[in-house]
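Please look over the model below before reading the exchange that follows it.

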Amino acid sequence: MSNAMPLPLYAIGLGSNRRHARHGDPRAVLLAALAALESDDIEAVDASAIIASDPIGPSRRRYANAVALVASTLSPPEMLERLQAIEARFGRRTGQRWSARTLDLDILLWSGGVWSDDRLTIPHPAIEARAFVLGPLRAIVPGWQHPLSGRSIRQLAARLTRPKPVDRGASSH
């Protein structure tokens with residue numbers, strides 16, 4: 001019976017829109033990446049279903065996206081290094097923003113709250129605008145509160161998918 005603190009949790013975004021020579025199509029790449037995440041110091045807790053999403057930027061290929069929830073004692077910079085090492089193992093070349101990629105791993109949220117240095121910002125700055133992140137996140141951690149806005153993932157997802165009100169001018173005030 002230990003009353004040790006629970007391990008810190010990370011929500012990791014996974015994306016792929018290129019086949020991998022060994023692993024196959026983007027869905028299979030994500031399944032292989034989920035397996036690659038598990039290690040001595042990273043414990044898989046949960047993972048969303050894999051969804052298909054439209055690409056951002058110039059790439060024309062649809063993405064496979066998912067979110068994994070992992071528990072780890074790694075610090076955010078250590079976790080970033082680990083994710084980049086996994087990306088490299090899957091053949092990711094750095095430097096081409098928004099190009100087709102075999103594997104993209106992003107730290108979305110961390111139970112420690114906010115982290116910011118010259119290489120990493122948590123929570124992920126684009127999280128609130130991306131349905132392909134919020135949908136899978138809502139499936140596994142709907143109550144997780146964004147540490148800056150204070151809104152739950154469920155609330156953020158609802159805000160993103162809700163139709164925008166029509167501006168009927170100043171007379172409606």
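A student and a tutor discuss helix packing, a peptide bond and the nonpolar cores.

This is a predicted model, in which local features need pLDDT of at least 70 and side-chain atom pairs count only at pLDDT 80 or more, while totals for chains, interfaces and linings use all residues. Residues are numbered from 1 along each chain as its sequence is written, and side-chain values use heavy atoms, with hydrogens and water left out.

Student: How are α3 and α4 oriented: parallel, antiparallel, perpendicular or oblique?
Tutor: The axes (lines fitted to C-alpha atoms over the stretch in contact, with angles from 0 to 180 degrees between N-to-C directions) of α3 (residues 131-140) and α4 (residues 153-161) come within 9 Å and cross at roughly 140°. Angles under 35 degrees count as roughly parallel, over 145 as roughly antiparallel, 65 to 115 as roughly perpendicular and the rest as oblique. Therefore α3 is, relative to α4, oblique.

Student: Which residue follows Ile 122 across the cis peptide bond?
Tutor: The omega angle of this bond is about 0°. In the loop between β7 (121-122) and α3 lies the residue that the cis bond joins to Ile 122, namely Pro 123.

Student: Which element supplies the largest share of the largest nonpolar core?
Tutor: A nonpolar core is a set of buried Ala, Val, Leu, Ile, Met, Phe, Trp, Tyr and Cys residues joined through side-chain atoms within 4.5 Å, where buried means under 20% relative accessible area (1.4 Å probe, protein chains only). This core has 28 residues, and Ile 12 and Phe 90 are among those touching the most other members. β1 (9-16), α1 (26-37), β4 (63-72), α2 (76-89) and β5 (104-110) each supply at least two residues. The largest share, seven residues, comes from α1.

How values were computed: Helix = DSSP H or I, 4+ residues; strand = E, 2+ residues; numbered from the N terminus. Buried < 20%, exposed > 50% of the residue type's maximum accessible area, 1.4 Å probe, protein only.
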